[in-house]
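Colleague: I'm new to looking at structures, and I'd like a close look at one part of this one. Could you walk me through the aromatic rings, and then whatever else catches your eye around them?

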Number of protein chains: 2
Amino acid sequence: MGFESNQGNQFLLSKIATNDGHGEDSPYFDGWKAYDNDPFHPDKNPSGVIQMGLAENQLSSDLIVDWIRRNPKASLCTEEGLGSFKDIANFQDYHGLPEFREGIANFMGKARGGRVRFDPSRIVMGGGATGASEMIIFCLADPGDAFLVPSPYYPAFDRDLGWRTRAQIIPVHCNSSNNFQITIPALEAAYKKARESNIKIKGVIITNPSNPLGTTYDHDTLKNLVTFVNDNNIHLICDEIYSATVFKSPSFTSIAEIVQEMEHCKKELIHILYSLSKDMGLPGFRVGILYSYSDAVVNNSRKMSSFGLVSSQTQHLLAAMLSDEEFVENFLVENSKRLAERHSRFTRELEKMGITCLNSNAGLFVWMDLRQLLKEQSFEAEMELWRVIIDEVKLNVSPGSSFHVTEPGWFRVCFANMDDNTVNVALNRIQCFVGKNNKKEDDVAVTVAVVAPTKPKRRESKLRLSFSFSGRRYEDGGVLNSPHMMSPHSPLVRG
Amino acid sequence: MGFESNQGNQFLLSKIATNDGHGEDSPYFDGWKAYDNDPFHPDKNPSGVIQMGLAENQLSSDLIVDWIRRNPKASLCTEEGLGSFKDIANFQDYHGLPEFREGIANFMGKARGGRVRFDPSRIVMGGGATGASEMIIFCLADPGDAFLVPSPYYPAFDRDLGWRTRAQIIPVHCNSSNNFQITIPALEAAYKKARESNIKIKGVIITNPSNPLGTTYDHDTLKNLVTFVNDNNIHLICDEIYSATVFKSPSFTSIAEIVQEMEHCKKELIHILYSLSKDMGLPGFRVGILYSYSDAVVNNSRKMSSFGLVSSQTQHLLAAMLSDEEFVENFLVENSKRLAERHSRFTRELEKMGITCLNSNAGLFVWMDLRQLLKEQSFEAEMELWRVIIDEVKLNVSPGSSFHVTEPGWFRVCFANMDDNTVNVALNRIQCFVGKNNKKEDDVAVTVAVVAPTKPKRRESKLRLSFSFSGRRYEDGGVLNSPHMMSPHSPLVRG
């Protein structure tokens, strides 16, 4: 055991194994641990932590179950399907089952309103979105090469894109003044600055619809992005794993539509990441997809895909399901409708409590604005508030700092990984936490007065905060004239 | 398209994507392509290429199918199992389903005669053996670090262990004089030489049972290997993916047994790779396992396993199957028995034709000695002979050069990926190819006389070779006194 000391490991193990590039020390993962230690259950543990840090879609699994019940032949393990067992269990061609690639291409097209077609021969498998994301970086970047990524962005990008590839992420910070939209001048400035520092920029990576914002990129911004990467001869990677979660207008525009429209763009610079984890709620099935317009990337990534192929058992099942036009069309409509209802109800109730979220049209989460509740405008204060939300309110939400945002006080709150009853419990807890009135008599309860809005466009709030907090007292904050900005904990953005 | 020229790609893509580190230009993969273009089918294409280059176990899938039929609840997609669908489809904990890890640990123990127990908490998933192999290298080695690997070895090790990790493989050449067994003096010499060249050796990697030899490491050699890595404070990675293919004596000794026996060895230097692709014939299911005695490696590799987790649908099915003691015990006995029968029949028929194979007790292949048929003792001659076997005899076998062996004339021939009828066709083709008598009158047929044995211990052969070969004539070779040794095509062993 002494042998396995840090010093010993640093000698015996790789730098990758002994650095913290996996990012699991970030708050995002801490919240998961809190949940794991005390998970909410309506009967067995009604005061446990409710998991609202998990962007999971549990609203439409009944549609999939129904389909499976009606299509026993699609499974390898039914009397109707067992005849295929041997062939499928032995199938290891890294191109994947042709019918699986066709099904995926069909689903991807339908999720974009049928406005674009995807070529099944360009569908490459990866081990979940995680594996597919790493794979495209291995194809494009040498160690030290960098990608510009608008922030806030998915925390595990640091691990997925940079840990083993040794590529860098350079955040391009967006802020609430324009609803966190990326602008071309901001990209150009970041690109120029990196070049001046002798950092080789290999591309731009966007997530559309955005995680954590729940917003979609508009048509013009996408066109401008394509022009930007064309002009600089760098890549554009579009993570579209939330494409079928768009639940209200504006509608979703895929980069595939822009490629179709801008006939003379350098298509080979454009790559799409996809997955069924979010849109279909099948994260366990590890279906990651890379769709590239570059022949060289398709060929190379297919060779790499051997490191994380999709189980042929799973390919076989999904091939049949995703080729069923009627099922796919119905699923997309119904899934979107259910997400709309959940989102609408959740945000409406929050509004009643005086809590606003960024206006969003997609995703499995809201980007909740709790800046008013911060003791001061700093990430230290955000972490304090977050600890209270985890430990006292017993909700695992994700602090904005873990998404590399530069403004403290934003939280990502997931709403689609639970049933209606759990949503009610969560809303009740938030209601208690953010009391409309401030009259609690409990002697362990303390009161945090509302800080006045710091941004002119935000409306006056009547938020009152009421909670117990052991060993520490919040004092009325009043108006914070001089917000103190701390660097968010960023395990990955390294040189 | 001009944009996607090599020059363009070298600028746009990574070095990994533009080097040939995936090794698909090796003869091993060429043979697969020949098969893919003209695959044998008993009715539809009876003169097509028979795939004998694929180490696949198709002999026992009926046992698995029977079990599935009797256990509908184990599947997510049956009426009995659908109740678990939502939970399992959403399951994405990288620890894996506890019952899956228990099932794997149980199977691994049983496959070693129950002489050792495996701790489920040390079972880490990887994307097939391919992903698991890469994962352990990422944990142990920095770019440029090297591992000693006895040759001949599995050709795709170059891709799996070195392509994306940028680690090196240094072959330690074994030869037929002692049946290709590794010796400690050979290892020591290779280690010393590498150190003198300032190459950092991080460990030794063995495949036990060996691919392509089909032999197992004896108890003393394994002990000596552990002592060797202990003395030098480097790692020992044991690829045991063929452990349940041992079909006759001597019985298999796992490194796990040695660890148990050598109580005071540095256990944390020992790591086992496992998979169900070979032992159970489930390569499509992508079940790769890393079992490490190092806590640090378990922790780190588990974080890495996110890049290639096993589909939860597949975990769920196998969890139930591998925990069924009766099934597992019966499967292991029956699988071994069927492999023994196939191996015995195949080698017996070859012997009748005067073809010998290395004496083996495991694996899904034989290591066939065709040195006598070479025009000269060179790898050029081996490639010529191999092209004839592929193009004329229409058997895809794998040339020894692709396994990095130093003696030309050996071929790996797989025998467990086909039914009895296909074996008969293959044997008939070999029989025609290697005619007992030499009386063919066909005017395109040419005759290759037997070259006298070059090794004193090999018995006299009466081999006669008869085949058509367009555009080229083989001449009697006579005794080759001065074999010309070429370097085998080695895409990966780079500095």
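Modeller: Sure, let's start with two rings in chain A: A:Phe180 is buried, and A:Trp410 is buried as well. Keep in mind that this is a predicted model. These two rings form an edge-to-face aromatic pair, with 5.1 Å from centre to centre and 90 degrees between the planes. In case those two numbers look odd, a pair of aromatic rings is described by the distance of the centres and the angle of the planes. Now look at where the partners sit: A:Phe180 is in the loop between β4 (168-173) and α9 (184-196) of chain A, while A:Trp410 is in strand β13 (residues 410-414), so this pair ties together parts that are 230 residues apart in sequence.

How many aromatic pairs are there over all chains? The count comes to 31. Another of them joins A:Phe107 and A:Phe331, whose ring centres are 6.5 Å apart and whose planes meet at 50 degrees, so this pair is tilted. Planes have to be over 60 degrees apart to count as edge-to-face. A:Phe107 belongs to helix α6 (residues 98-110) of chain A and A:Phe331 to helix α14 (residues 325-352) of chain A, so here the parts being tied together are 224 residues apart in sequence. Both A:Phe107 and A:Phe331 are buried. They also have company: A:Trp67, A:Phe107, A:Phe327 and A:Phe331 make up one aromatic cluster.

Those long jumps along the sequence go with the numbers for the chain. In chain A, 76% of the contacts with a separation of 6 or more come from residues 24 or more positions apart. Chain A has 16 helices and 15 strands, and 64% of its 495 residues count as buried.

Rings can have a charged neighbour too. A:Arg112 lies over the face of A:Tyr274, 5.6 Å from the ring centre. Over in chain B, you'll find B:Arg112 over the face of B:Tyr274, at 5.6 Å from the ring centre.

While we're in chain B, have a look at two helices. Helix α9 (residues 184-196) and helix α10 (residues 219-232) of chain B pack at an angle of about 25 degrees, with their axes 11 Å apart. That angle makes α9(B) roughly parallel to α10(B), and the crossing is right-handed. Which residues do the meeting? From α9(B) come B:Ile184, B:Leu187, B:Glu188 and B:Tyr191, and they meet B:Asn224, B:Leu225, B:Phe228 and B:Asn232 in α10(B).

Last stop: some backbone oddities. Most residues other than glycine have a negative phi, and most peptide bonds are trans. Against that background, B:Asn233 has a positive phi, near 55 degrees, and its place is in the loop between α10 and β6 (235-239) of chain B. A:Arg286 also has a phi near 55 degrees; A:Arg286 sits in the loop between β7 (270-275) and β8 (287-292) of chain A. Is A:Arg286 buried or exposed? With a relative accessible area of 8%, A:Arg286 is buried, because buried means under 20%.

As for peptide bonds, a cis one joins A:Ser151 and A:Pro152, with omega about 5 degrees. A:Pro152 is in the loop between β3 (146-151) and α8 (157-163) of chain A. In chain B, a cis peptide bond links B:Asn208 to B:Pro209, with omega about 0 degrees, and B:Pro209 is found in the loop between β5 (201-207) and α10.

Note on methods: Residues numbered from 1 in each chain as written. Chains lettered and ligands numbered in written order. Predicted model: local features only at pLDDT ≥ 70, side-chain atom pairs only at ≥ 80, totals over all residues. Heavy atoms only, no water. Phe/Tyr/Trp six-rings, centres within 6.5 Å; stacked < 30°, edge-to-face > 60°. Helix = DSSP H or I, 4+ residues; strand = E, 2+ residues; numbered from the N terminus. Buried < 20%, exposed > 50% of the residue type's maximum accessible area, 1.4 Å probe, protein only. Lys NZ or Arg CZ within 6 Å of the ring centre and 35° of its normal. Axes fitted to C-alpha atoms, helices over the stretch in contact; angles between N-to-C directions. Parallel < 35°, antiparallel > 145°, perpendicular 65-115°, else oblique. Left-handed = near helix turned anticlockwise from the far one by under 90°. Contact = heavy atoms within 4.5 Å.
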